[in-house]
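Colleague: Could you walk me through this one? I'm new to it.
Modeller: Sure, have a look first.

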2 protein chains.
Amino acid sequence: MLARELDARKQQILWAVIQEYVARAEPVASEALCQRYGLGVSAATIRNGMHALTEMGYLYQPHTSAGRVPTDRAYRLYVDWLMAGHPAAGVEQRLSAAERERIRRRMQSKDHPEDALAEAVQTLASLTDYPSVASTPDGPRRLQRLHLVPLSDQRALLLVVAEGAVEQRVVRLQRPATEDDLRQVSQLLTRALAGLSVSEITDGVAERIAAAVPDQADLVKAVVAQLRRYGGLRTGVRFFVEGVSNILKQPEFQDVRRARPVLAALDREEVLRDVLLPAPTDVHVRIGRENPVGEMWSCSVVAAAYRVRGRTVGVVGVVGPTRMPYARTIALVRYLAQALSHSLSYAV
Amino acid sequence: MLARELDARKQQILWAVIQEYVARAEPVASEALCQRYGLGVSAATIRNGMHALTEMGYLYQPHTSAGRVPTDRAYRLYVDWLMAGHPAAGVEQRLSAAERERIRRRMQSKDHPEDALAEAVQTLASLTDYPSVASTPDGPRRLQRLHLVPLSDQRALLLVVAEGAVEQRVVRLQRPATEDDLRQVSQLLTRALAGLSVSEITDGVAERIAAAVPDQADLVKAVVAQLRRYGGLRTGVRFFVEGVSNILKQPEFQDVRRARPVLAALDREEVLRDVLLPAPTDVHVRIGRENPVGEMWSCSVVAAAYRVRGRTVGVVGVVGPTRMPYARTIALVRYLAQALSHSLSYAV
DNA sequence: GCCTAGCACTCAGGCGCCCAGAGTGCTAAC
DNA sequence: GTTAGCACTCTGGGCGCCTGAGTGCTAGGC
């Protein structure tokens, strides 16, 4: 099965150039392909093919007497071909049983979602040697439980238990409340709000609940106000990032002027949001200029959705140079997202 | 008042070299000092002084026909002199009222300690343009309250309220427990453990509590086990880091081989631990080789303790090149630690 | 006795030059 | 359609030169 547009030979050559360039990070010469890949033809023939591929926009020649470098377009073709289920040419797409086992072991028995996410990005960063990112679980979560815990005379802690996540907020008390007061309000709120998602909590709902306990109306309103902030952007999705310095290991980022924009982008939540979200259905690969953020045009992003009890709630992935062993990276990210899904479904 | 060893002229020259080098990041020539600083003597005389300072180890000459660069030792002398209460030569050590106001405003009304820390490192990174780090509150915290909240049949959430911090842990239930069971155990544990620090919880204590409620002994033990892990290293101090890519703005880190070790170090918690902790009493400055970690020998760390209700619990600071406007940086870090202390004491 | 003007000396870094080596495109033969 | 051969192009490294910056030293001045 061939990629559209390319005959068998051209595809063979293109895949070989990609593989060679990924491995060596230097323009690939016809001679090198001839020696290292059993293409069964001479360097001159390969040159013809490379010439054609260059005219078609799949290869690029830094200067006249240099070899060829794959373009974003070539990587895209290659990745589409991989994603259509083809075995990667010469590269093992599947992870070995031992690797799977190692990943599974690292990801299991994380009690807390944050621990699981931290472990996920650490694992991914160490396995790929690329900066790794994960978003915290998000989505139209339904509230399960609200608990108020006294902290002091002026403050109580609001514990929000929702599907797949627990958050704490501090609520200020207008006047001291006893532990029983807090428990009563907690139960009332839980009964009234369980099953709703944060966005469904309107002022009307707040009023209705407050009416039921006139002497704790202030407290109820304060809690509802906090809940609505909790649904807001500021406290919503956050990101775990690990191994940003890995990008500096890559030859294409030896120049600080190239590397800095990328590192700066990885520091900024809005950028991560744009680059990673919305969550893909399976694995998503964005190559170079396909990225929505200019700072990332020299990078590829491989990301996969993770799920909690079947529902997609977040994304985990890596950021690397466009010159990337896609088959392996995709397999790793995909498997890690599965392991994370499993760990989270189990945890909360 | 003079620094030991140096006469008035030498000190004047040294401070001027430092100031000039901090501003321009290039070896400082005698002529330049003569023109830009009113030292009242000719370039030749300044040269004599610079020569002496070089022999004394305060200045360094990259090559014969270059100007002078301050050594770590020079910065140390300068910082000691600053910390002894001297006004910075030519640099305003104090922050302007407007700056203080801006910092205060950014730091106020953060309900949650994590928000306050995140805001602190963001503020510091944007004001200094250096990577900024803060440790989460730590110390021999006394427990105040324990709460168990049902999550499902198999799991409960353990909420640990201690001085200046709240943490969540998941506890696995051997067998289903009712909400009342959990409340009862929560109250029992709170009564037994409030006022103790985590390290004081021994097996004996656990046994004693468990004996009081034989039918919930498993649960009690599970909670105590979690508490002791909570005191352990893994879940103890964490770090907030912001603006790591700022280091690449500095001329001394234009070479990736210089920059990468520093960035990699900032990625690693153990390193941050060694570099930032233990918490200093006031502001602590570590210059170049004074740092306990080799990767940081080309950097200076300016860190200050922050307090919750008077007790030092954490550290906030910046990592920059040794060529740093110490007076300003120290003032910023000190003030930010104060603002953070205030914000945290208020928050939890 | 300290300061300064003048001067010789040193050295890094930029520029131009050359050359080797790598890799191509083309052409002619198979 | 493929291949061998060859001329051509271009980069990058090495080399030498030269300029400019900055010093250290010395001799003279207040």
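Colleague: How many salt bridges are there between chain A and chain B?
Modeller: Two. A salt bridge here is a side-chain nitrogen of Lys or Arg within 4 Å of a carboxyl oxygen of Asp or Glu. In one salt bridge, the side chain of B:Arg145 meets that of A:Glu179, at 3.5 Å from N to O.

Colleague: What should I know about the model and the numbering?
Modeller: It is a predicted model: local features need pLDDT of at least 70, side-chain atom pairs count only at pLDDT 80 or more, and totals for chains, interfaces and linings use all residues. Residues are numbered from 1 along each chain as its sequence is written, chains are lettered from A and ligands numbered from 1 in the order in which they are written, and side-chain values use heavy atoms, without hydrogens and water.

Colleague: How many residues does the contact take from each chain?
Modeller: 42 from chain A and 43 from chain B. Contact means heavy atoms within 4.5 Å.

Colleague: Switching to the DNA: which residues are closest to strand C?
Modeller: A:Ser30, A:His51, B:Ser42, B:Thr45 and B:Thr64, out of 22 residues that surround DNA strand C. Near means that a heavy atom of the residue lies within 4 Å of the strand.

Colleague: Which part of the strand do the side chains reach?
Modeller: A side-chain N or O atom of A:Ser30 is 2.8 Å from a phosphate oxygen of DNA strand C. For A:Arg47, a side-chain N or O atom is 3.1 Å from a base nitrogen. B:Ser65 has a polar side-chain atom 3.3 Å from a base oxygen.

Definitions and conventions
A polar contact is a pair of N or O atoms within 3.5 Å; within protein, one must be able to donate a hydrogen and the other to accept it, and residues adjacent in sequence count only if both atoms are side-chain atoms.
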